[in-house]
Amino acid sequence: MRPGPGEGPDPAEPLLPERLARAAALAGPMPVSQFMAAANAHYYATRDPLGAAGDFTTAPEIGQVFGELAGLWCADLWDRAGRPDIAWVELGPGRGTLAADARRAMARAGLTPPVHLVETSPALRARQAERLPDATWHDSVDTLPDDRALLIVANEFFDALPIRQLVRGAAGWHERLVAAQDTLFLPVAGPAVPDAVIPAPLRAAPPGSVIETSPASVGVMRALAARIVTQGGAMVAVDYGYEGPAVGDTLQAVRGHAYANPWEEPGSRDLTAHVDFATLAAAAQGEGCAAWGPTPQGEWLRALGIDARTAALARAHPDRAEELAAARDRLADADAMGTLFRALAVTAPGWPAPAGFA
Ligand code: SAH
């Protein structure tokens, strides 16, 4: 069938690489953060990237036990905090799988809170609505409820937020920019940045070294931590990353379950960067929260009972025992996701210590 009026690509709205290339041609090379933000906004808005037929998979898609344990983590904290009025929040919920699994587990523990989802992609909002028709959606954390405690979960959310890159030249550090030649993009050294803004231990790194910061991630963490301090609550963020300050170019692209060139065809591939847990923890502490971890995902899941929960599910569904054990191994084993991914928790002053962060 031919597309009718208003359907199909709008000729006035060229594909993203052309738009970005034109922006770079008109205004000069753009910061890496602008390139990454535009590329990912287009990427997530135009597809469901998850699953075998997509570009990548995530912990909640690997096994229901991941979302269930995240939900039990929330319910346990809520219970020990004296069962206050809460809103349950997920940042970047993908297909809504974690939220649906968490909600089921929380309900069994007596917690049935309203669900608030922070999601910018219309395509993924539609997927989420299939599983969570009564949720409330938000474009940003700014509009989350301000009249009750917040229990917040974020899995592979912060890695999708834009980063800045600084690159060491022969004589000093420069902001890294992205230049465009027709529709080819390439990173170039931009204006010099003073040594004073470079963490002291990294200033003398060899030419070519890259330092990353994510002002967008810090902004989200500070806003949520400030809410948690005044409203009560907690957050757990699971991702892959490091504890900065550190040198390293971690910007990567994934397409069809394989690594791809991050500078090529922006908007057609998932761009991520490793998360700096130390900076996120410091941002939360700066607002007055307590920070816990980062703890390896495998340790966190084992402390929350992944072995017992997997065994119980296998008893109830003997035909799925093998698949359930495989999911547990993939999520928790050190040679799979168990140590690559880590959990960082943030809690309100006066709230109890969260489970799994001994
Ligand atoms: N948490 C899910 C999906 C991870 S993919 C899972 O584990 O399966 C990243 C998610 O963050 C997607 O839902 C994407 O649309 C969303 N996202 C990316 N950038 C965002 C932004 N700036 N604001 C809100 N959501 C964003």
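**Exercise 1. Find which residues form one aromatic cluster with Phe 35 in this predicted model.**

Solution. Start at Phe 35 and look for its aromatic partners: Phe 185 and Trp 263 join Phe 35 in one cluster. Next, widen the view to the whole model, where the count of aromatic pairs comes to eight.

**Exercise 2. Classify the ring pair of Trp 73 and Trp 300 from the angle between their planes.**

Solution. Step one is distance: the ring centres are 6.3 Å apart, and pairing requires centres within 6.5 Å. Step two is the angle: the planes stand at 65 degrees, so the pair is edge-to-face, the class for angles over 60. Step three is to place the two residues. Trp 73 belongs to helix H4 and Trp 300 to helix H9 (residues 297–303), so that this pair links distant parts of the chain, 227 residues apart. Both Trp 73 and Trp 300 are buried.

**Exercise 3. Now do the same for Trp 300 and Phe 357.**

Solution. The ring centres of Trp 300 and Phe 357 are again listed at 6.3 Å. Their planes, however, make an angle of 50 degrees, so this pair is tilted. Phe 357 sits in the segment after strand E16 (341–347), and the pair connects distant parts of the chain, 57 residues apart. Like Trp 300, Phe 357 is buried.

**Exercise 4. Check whether the length of helix H5 agrees or disagrees with its number of residues.**

Solution. First, take the 12 residues of H5 (residues 97–108); at 1.5 Å a residue, they should span 16 Å. Then compare the end C-alpha atoms: they lie 17 Å apart, which agrees. Finally, look just past the helix, where Gly 110 follows with a positive phi, near 90 degrees.

**Exercise 5. List the buried residues of H5 and find what covers them.**

Solution. Walking along H5, you meet buried Thr 97, Leu 98, Ala 99, Asp 101, Ala 102, Ala 105 and Met 106. Their cover includes helices H3 (59–62), H4 (64–80) and H6 (122–131), together with strands E2 (86–91) and E5 (149–155).

**Exercise 6. Describe the largest pocket: its space, its lining and the elements that supply it.**

Solution. Begin with the space, about 750 Å³. Around it are 39 lining residues, with Gly 92, Thr 120, Phe 157, Ala 160 and Leu 161 nearest the centre. Elements giving two or more residues are helix H2 (32–45), H3, H5, helix H7 (215–231) and strand E13 (270–272). H2 gives the most, six residues. Sorted by class, the lining has 20 nonpolar, 11 polar and eight charged residues.

Terms used:
Residues are numbered from 1 along each chain as its sequence is written. This is a predicted model: local features need pLDDT of at least 70, side-chain atom pairs count only at pLDDT 80 or more; totals for chains, interfaces and linings use all residues. Side-chain values use heavy atoms; hydrogens and water are left out. Helices (H or I, at least four residues) and strands (E, at least two) are DSSP runs, numbered from the N terminus. The expected span of a helix is 1.5 Å times one less than its number of residues. Buried means under 20% relative accessible area, exposed over 50%, partly exposed in between (1.4 Å probe, protein chains only). Contact means heavy atoms within 4.5 Å. On a 1 Å grid over the protein atoms alone, a cavity is a set of points where a 1.4 Å probe fits but cannot get out, and a pocket is an open set with protein on both sides within 12 Å along at least five of seven lines; lining residues have an atom within 4 Å of a point. Grid points are joined across faces, edges and corners, and a volume is the space filled by probe spheres set on the points. Ala, Val, Leu, Ile, Met, Phe, Trp, Tyr, Cys and Pro count as nonpolar, Asp, Glu, Lys and Arg as charged, and the others, Gly among them, as polar. Rings of Phe, Tyr and Trp (its six-membered ring) pair if their centres lie within 6.5 Å; planes under 30 degrees apart count as stacked, over 60 as edge-to-face and the rest as tilted.
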